[in-house]
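This report introduces a structure to a reader who has not met it before. The sequence and the model are shown first, and a short description follows.

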Amino acid sequence: MLVKKAEFVISAVKPAQYPEDALPEIALAGRSNVGKSSLINCLIQRKNLARTSSKPGKTQTINFYRINDQLYFADVPGYGFARVPKSVRQSWGKMMETYLTGRETLKGVIQVVDLRHPPTADDQNMYQYLKHFGIPVIVVATKADKISRGKWQKHLKAVREGLELHQGDPLLLFSSETAYGKEQLWKEIEKCTGN
Ligand code: GDP
């Protein structure tokens, strides 16, 4: 995908603020600090359009980016903050459920995990949660540049097994440092959105 135009549209806290022009949408989810903002910036070839995820306690928002007037990326709040107050976790859960169950234009979710480590309990829960809602998931294992190529397959296997990945769900290697995997990820996105 040749990204000619990428615009930040809105940080939404409630559905009334979600964009309404009915373009297909792909959401991006991942543990806080996993590399989600870097992945978005890499995909859209902008240095700093996606900001790092909101810190615990700050207002949690869904950030919408319109790409080529063709599709939206919805950057949902990172999960798995250590030691956050229960109230923050509850508001995160409520916001996600509202979004995932109510967003008619949502075509799929890119779940970003760290290739270096086996999936955490939060990663497992998120994957199960998405499957529960019947949403197509593309799992992306990022920071591949931090692992030697000879060990990629072993680490991918740990991700696949840790998540109990369903057959047919794509699992892709990625690096925002080197842009490895970018074209393949765009292909999977295009399959989801029908672009
Ligand atoms: P977010 O909180 O998930 O949005 O994470 P960020 O995109 O802010 O990334 C967290 C940290 O990981 C930053 O220091 C990034 O520079 C680093 N990072 C993200 N992706 C990669 C990657 O693919 N390779 C390497 N080496 N570092 C990365």
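## Strand 2 and its surroundings

Why is strand 2 (residues 25-30) largely enclosed by the rest of the structure? In this predicted model, six of the six residues of strand 2 are buried, so the strand is largely enclosed by what surrounds it.

The residues of strand 2 point in two directions: Glu25, Ala27 and Ala29 one way, and Ile26, Leu28 and Gly30 the other, with all of them buried. In a regular strand, side chains alternate between the two faces of the sheet.

## Pairing with other strands

Strand 2 runs parallel to strand 4 (residues 71-75), and four bridges join them. Within strand 4, Tyr72 is the bridge partner of Glu25.

Strand 2 also pairs with strand 5 (residues 106-114), again in the parallel sense, over six bridges. Here Ala27 stands opposite Val109 of strand 5.

## The nonpolar core

The largest nonpolar core comprises 43 residues. Ala27, Leu28, Phe73, Val139, Val140 and Ala141 have the most contacts inside this core. Leaving aside residues up to four places away in sequence, Ala27 touches Ala74, Val76, Leu106 and Val109. Nonpolar side chains tend to be buried together in soluble globular proteins.

## The ligand shell

Around the ligand there are 18 residues, of which Gly35, Lys36, Ser37, Ser38 and Ser176 come nearest. Helix 1 (residues 36-43) supplies the largest share of this shell, three residues.

By residue class, the shell around the ligand consists of twelve polar, five charged and one nonpolar.

Methods:
Residues numbered from 1 in each chain as written. Predicted model: local features only at pLDDT ≥ 70, side-chain atom pairs only at ≥ 80, totals over all residues. Near = placed C-beta within 6 Å. Nonpolar A, V, L, I, M, F, W, Y, C, P; charged D, E, K, R; others polar. Core = buried A, V, L, I, M, F, W, Y, C linked by C-beta atoms within 7 Å. Buried ≥ 20, exposed ≤ 12 C-beta atoms within 10 Å, placed from the backbone. Contact = placed C-beta atoms within 7 Å. Pairing = 2+ DSSP bridges.
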